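Please open the model in your viewer and keep the selection tool at hand, since this tour moves from one selection to the next.

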Amino acid sequence: MYYGGDYNPEQWPEETWHDDVAKMREAGVTMVSIGIFAWSRIQPAEGVFDWEWLDTVIELLHAGGIAVDLATATASPPPWATSAYPEMLPRDEDGTVFWPGSRQAYAPSSPVYRRLASELVTALVERYAEHPAIVMWHVNNEYGCHLHYDYSDNAMHAFRDWLRAKYSTIDALNAAWGTAFWSQLYTDFEQIVPPRKAPYSRNPAGQLDFKRFTSDTLLELYRMEKRIIRAAGATQPVTTNFMGAFPPADYWRWAAEMDIISDDCYPDPNDPESFRSAAFARDLMRSFKPDVPWILMEQATSALNWRPTNAPKAPGQMAALSMQAVARGADGVLFFQWRQSRAGSEKFHSAMLPQAGTDTRTWREVTALGAALGALPQLPVGARDATVALVFDWQNWWAIDNPDHPTALDYPALVQRWYAAFHRMNVQLDIVHPGAELGRYKAVIAPQLYLLTSVDAANLLSYVEGGGHLLVTAFSDVVDENDAFRDGGYLTQLGEALGIRLEDFGALVAPGAAVATAASAGDSSSSPAAATGPGQVFAPFSSPLGVVTGTLLAEEIHLDGATQLGAFTGGRRDGDAAFTVNRHGDGAAYYLATIPDDAGCALIAEHLVAESGVEPVLAGLPPMVEAIRRGDVVAVINHGAASATVPVPSGVVLGCSELSCPTDDGVLAAREFTLEPFGFVLLDTEVESFQGSAQPWPSIR
Ligand code: GLA
């Protein structure tokens, strides 16, 4: 279990480094990430390297028994580089330059940036490849974080090359992009520019390819550095830090290139529900590489600096969120950053060692968490615990984000709405690509799969045929990989298995949108749910478990073998099918012709859980408490600011927060007990007697 954080010794004098290592030992730190933003310190001029300080820091850490995750330092080119080679600077879609003076001022396609980054990494790795302190390589930092897309000439030339490699001929590109529309026919790849600012809507297939190109380009940078690391003979695992469901990088493709998945996650303490989106991110990370524990590479000990208002974490909340990551498969809990900066943009960002010193709640919680994590035994990998899968696909996200659709949809938010519905029931989910092996799941939820390739459609169909329960929701199976309709209407691939035909998408007014409502359109009903006419906002429908509020779309579907489970009540689709099921092969294919709100997703999720025989990790928990399984280990965590009484199974306590330890001797018989606010307990449910070495459990307060 790694414990530690980003360590930026270049911001401090050498005396402080000694104090740092001493305090790291006190806090139970086992690994730090160094050098992430140290390019200008390591290489003060082209061809000139200053290793002395870094040698000293690494030796000090090593002598202190602290392992090093050594960054390649390529995330922020120094001023000498951008002054000498201004052509490496990125531009936005209007052509405006992103100047240096912050961080990440480089165009990913820039040949100069690539040369300079390669020279730096080559020198760094040659020096440290075999140093015993180095246990991991941290390539760059949060690729694409601030600059999602670069539209500079660097990008233009690289995009053309990428398109040449993909299409070979310009005719093939024209066919894929549908350029007969609006006189867009190209006669040469050299005529193509990135989707820069244009008078009106830009070619959707071109935009989709530009997003693919951007993801591939950033990944190419990672690969370039990884190749250099391996060429120098370094054998340590290599990673770069992900950022949850991050728009510009198709992490399904990236994950294969990571030896270890690592993630940065900053749930907002001001949002009491943010632990659910954090849970989603953690399940996503585990799902990328289920057989290899991942690392929470960055979180905050308390407040941030980059939201409009930055609340501190509540007492115990940092440990609760850390245990959430551990329970969802992490074998490392690290922070941004070790010592709070004295200057710079992030000086108000909390750290393990606060500016206010060690007589602080943060420091006490940091040392307590270090001790608690240090006392944990090796945990099972827990790769195969979920029986429900939630489909999430970047290519589909990019296509849905194109404009000019029946209605604008926030794909990741809608996926997470389904996630939250199952999370509230404590049903464990894996997040999967639509082409993933699905055979072991009892149910698969596939929200808004607008872009569905034939390969992925065949995969979903064979899952149903083999006995699975598949839920497909509105605005799915609409276009192919070029964002173009297929012959034969909509749902051309899944329609038969679903037993329905789709005629029209029936866009509704987005809830909260400032346009004519049902009332102003002359509807006499006082209930918005019964809205009719042009301003219809909600599309209520019956479900086996009660009335559900549909939003955004009320599709016109026709039964073609399916059984109707629910019909729209009121509105322009009054009486028409809204929720259907079709037995197909050995399984069942469900269709929802609208997009339920939170409560509606909960009802549909409950129905699917019952129909497919899915079990929650623990039933009957209060809303702010979650239960998670990692192999035989079960964690019960209270993310609420109030105490909660919960039922727990019998087992041996592996860790718990101070006031929430339900036992003195480590063994727990199944019973109810009270979790303090942000209290947690981690149990091994299979072991019958305590075999650990440290009791009572280190205090988390
Ligand atoms: C990101 C970066 C860090 C730091 C933190 C602040 O995760 O990787 O360098 O800026 O944000 O929250």
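In this predicted model, begin by selecting the ligand together with arginine 103, where an N or O atom of the arginine 103 side chain is 2.9 Å from an oxygen atom of the ligand. Add glutamate 298 to the selection, and you will find a side-chain N or O atom of glutamate 298 at 2.3 Å from a ligand oxygen. Then add glutamate 346, which places a polar side-chain atom 2.3 Å from an oxygen atom of the ligand. If you display surfaces at this stage, bear in mind that the ligand taken alone exposes 300 Å², of which the protein buries 97%.

Now extend the selection to the residues around the ligand, which are Phe37, Arg103, Asn141, Glu142, Asp264, Tyr266, Glu298, Trp306, Phe336, Glu346 and His349. Coloured by class, this shell shows five charged, four nonpolar and two polar residues.

Next, leave the ligand and select helix α6, residues 153-167, along with helix α8, residues 204-231, whose axes are 10 Å apart and meet at an angle of about 105°. Because angles of 65 to 115 degrees count as roughly perpendicular, α6 is described as roughly perpendicular to α8. To see what forms the contact, show the side chains of Ala155, Ala158, Phe159, Trp162, Leu163, Lys166 and Tyr167 on α6, and on α8 those of Asp209, Phe210, Arg212, Phe213 and Asp216, with Gly206 also taking part. Coloured by class once again, the residues in the contact of α6 with α8 comprise eight nonpolar, four charged and one polar.

Key. Residues numbered from 1 in each chain as written. Predicted model: local features only at pLDDT ≥ 70, side-chain atom pairs only at ≥ 80, totals over all residues. Heavy atoms only, no water. Near = heavy atom within 4 Å. Polar contact = N/O pair within 3.5 Å; in protein donor to acceptor, adjacent residues only side chain to side chain. Areas by Shrake-Rupley, 256 points an atom, 1.4 Å probe, with all protein chains shown as cover. Nonpolar A, V, L, I, M, F, W, Y, C, P; charged D, E, K, R; others polar. Axes fitted to C-alpha atoms, helices over the stretch in contact; angles between N-to-C directions. Helix = DSSP H or I, 4+ residues; strand = E, 2+ residues; numbered from the N terminus. Parallel < 35°, antiparallel > 145°, perpendicular 65-115°, else oblique. Contact = heavy atoms within 4.5 Å.
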